[in-house]
Amino acid sequence: MSNNAKIRKQLTRRSMLRASAATLGTAALSAPSIGRAASSDPLRVGTYGGYFQDSFDTHIYPDFTSDTGIAIESIGEPTGEAWLVQLETAARAGKAPADVSMMAQVPRLKGQNSRLWAPLDETAIPNTKNLPDHFVHRYDDGSVSGIGAVSWYITLVTNTDHYPDAPVSWKALWDPANADSIGLLALVTNSFLLEITAATWFDGTSILDTEEGILQVIDKLSEVRPNVRLWYRDEGQFQQALETGEIPMGQYYHDVTGLAASDGKPVRSTFPVEGGVLDSGSWSVSKASDRVDEAQVFIDYMCHPAIQSKLSRFVGTAPTIRRELTDLTDEEFGAVASHIPPILPRYDIYNARGDWLNQKWSELIVG
Amino acid sequence: MTRRRSDNSWHLVLLPAATLTVFFVIPFTIMLAVSFFQRIEGGFFEPAFVLSNYVRFLTPFFGKILATSVGLSATAATIVVAVAFPFAYVLSRMPRRRQTTILVFILSVLSLSEVIVGFAWSTLLSRTAGIGNLFHWVGIAESPRAYTPGLASLLLGLAYLAFPYAVLVIYPAVSRLDPELPEAARTSGASPLRAFTSVTLPIMRRTIAGALILVFVFTLGAYLLPQVLGRPRHWTLPVHITDQAIFQSNIPFAAAMAMFLLLVSLALVGLVLVVDSRRRGDQS
């Protein structure tokens, strides 16, 4: 795949508004028929529609099928929560729109809370040992509810025509010189701006432990409002504005920005001194699936060091297994990650105080 | 024989009735029921009968958002009808062929999706590629600037989307308008403007009310344009409903907000109809 094609596809990567809406519709129409023969059907694997799905279709699934004999039906899922809603609704009717799904962490946790995910058998997934503990997700009783699939960084991105020098700190977002020229993600659960603000101004994310602390952080964050031109839900909208210089600064995905830069676009991604935000997707299996055994074979395969290296090279994601297990060169690793310690999202607060946070966040943005 | 025929004609009603039931009544009933369900925070929802979803909406914050939505749609409706009515009137006085050409052009706008319209306007009004450059080039503006996002660009986008619908409603009525009526006013000494305001407009009152309602209800559902062309303070209730339903998986609250939106639009439409029938009552 040429870089050009890669970037065009990447526009829709973690999926956009329209894709979510469209997929909602098609998923409803293509809900599996009752009584299908379990063994002869392919394993249905959901990844974010667009770039992710295309990359997996090209680089991962064909090799998996020839290695294991398990055929795969690739399902394009809308981002995060929208897919969770579909899986929950379908599971109530005893159906699974996909057997295995790549889930963002907040919806994965919500699914775990309602016991949507089938418990997985660790002994059937021996490659689990390659992953650090925080990528092996467990129910309270210790059974595995999900396994880290891929990770990626959200960093500070700039248009190189407007900013000849790269910014060094997230504090640039607060700089009055950048009035009305910044693009930020619009949702509290995917922008991680609370963590960024806490790490930049409050020495780390532990201030987010209490509601008072969160309100302090929100207060600090509200100072960026005059600088924000666009609160985006749709990645394509921001990427285009960044490339043309219409909105010359913002937060965005490190991998996509790198691809755009290597394609000659005047953009750069910078890991600020406070660190980039390390976000990730995990594999989980719907409890309504009757293909748990094959799903475990698939997840085990995806945790293999060779496959994780392949994902970094071809899909641009950072590995979820320990770096030393991969055969990535320093240059290859630098293209997808950084040695600056990352800002880790506080998924727990979205889980514990989701509605309260969402309300405060809406009030912050709407003003 | 006669009896059988009447049976058949009765069956004809079944299809639309079934369609209405399956695609409107059932989903609506489900939404109504879900709006009373218990939200499980950090989870999904479970059947119950609670009023908390409605209570959460009754705050100044959501009141402001509802007012924003209604205000935006009312403004858009006024602008659209104020432009579409004279437009349709002039159009109906044109030669037949030209009318057809212009109508086909106007209707072709309907084939554009909201996404395309939104992004096209955001580019047209941008600093880097928009009309600001043209103003700069001809010397009106010192340097190109962006005209989006903002209230004006949002209203422009909404008006652009709704304009063909308003023309569709107004055009048939104005083309049936008897030209002798305004002419009579003119021969009695009224200026063209006065003939228009005192004769043509009153006859068209119901058409205008119909067009206003249509555009109002149509733009009340807008959720993409406010995000693309507006600032967060212009985000309408549907934007927040989408956030709750899609991104917070809080379906009960989204359903309750949708019920509010529906009730408000029904109430406003009802109000217009009541005022209209009262006035007609006064006149007769």
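**Exercises on a predicted two-chain model**

Buried residues account for 53% of the 367 residues in chain A of this predicted model. The secondary structure of chain A amounts to 16 helices and 10 strands. Among its contacts between residues at least 6 apart in sequence, 76% join residues at least 24 apart.

**Exercise 1.** Determine whether D180(A) is buried or exposed, and say where it sits.

*Solution.* Start with the backbone: D180(A) is not a glycine, yet its phi is positive, about 55 degrees. Next, place the residue: D180(A) is in the loop between β5 (144-159) and β6 (182-185) of chain A. Then count neighbours: 12 other C-beta atoms lie within 10 Å of D180(A). The cut-off for exposed is 12 or fewer, so D180(A) is exposed.

**Exercise 2.** Do the same for D203(A): is it buried or exposed?

*Solution.* Phi of D203(A) is near 60 degrees, again positive in a residue other than glycine. D203(A) belongs to the loop between α8 (193-201) and α9 (211-221) of chain A. It has 10 C-beta neighbours inside 10 Å and therefore counts as exposed.

**Exercise 3.** Describe how α8(B) packs against α9(B).

*Solution.* First, the geometry: helix α8 (residues 180-187) and helix α9 (residues 192-203) of chain B pack at about 140 degrees, their axes 9 Å apart. The crossing is right-handed. Second, the residues: L181(B), P182(B), A185(B) and R186(B) of α8(B) meet residues of α9(B) including A195(B), F196(B) and V199(B). Third, the classes: this contact has eight nonpolar, two polar and one charged residues.

**Exercise 4.** Which residues does a cis peptide bond join in chain B?

*Solution.* The bond joins T148(B) and P149(B), with omega about 0 degrees. P149(B) lies in the loop between α6 (131-138) and α7 (151-176) of chain B.

Technical notes:
Residues are numbered from 1 along each chain as its sequence is written. Chains are lettered from A and ligands numbered from 1 in the order in which they are written. This is a predicted model: local features need pLDDT of at least 70, side-chain atom pairs count only at pLDDT 80 or more; totals for chains, interfaces and linings use all residues. Helices (H or I, at least four residues) and strands (E, at least two) are DSSP runs, numbered from the N terminus. A residue is buried if 20 or more other C-beta atoms lie within 10 Å of its own, exposed if 12 or fewer, and partly exposed in between; C-beta atoms are placed from the backbone. Two residues are in contact if their C-beta atoms, placed from the backbone, lie within 7 Å. Axes are lines fitted to C-alpha atoms, for helices over the stretch in contact, and angles run from 0 to 180 degrees between N-to-C directions. A crossing is left-handed if the near helix is turned anticlockwise from the far one by less than a right angle, and right-handed if clockwise. Ala, Val, Leu, Ile, Met, Phe, Trp, Tyr, Cys and Pro count as nonpolar, Asp, Glu, Lys and Arg as charged, and the others, Gly among them, as polar.
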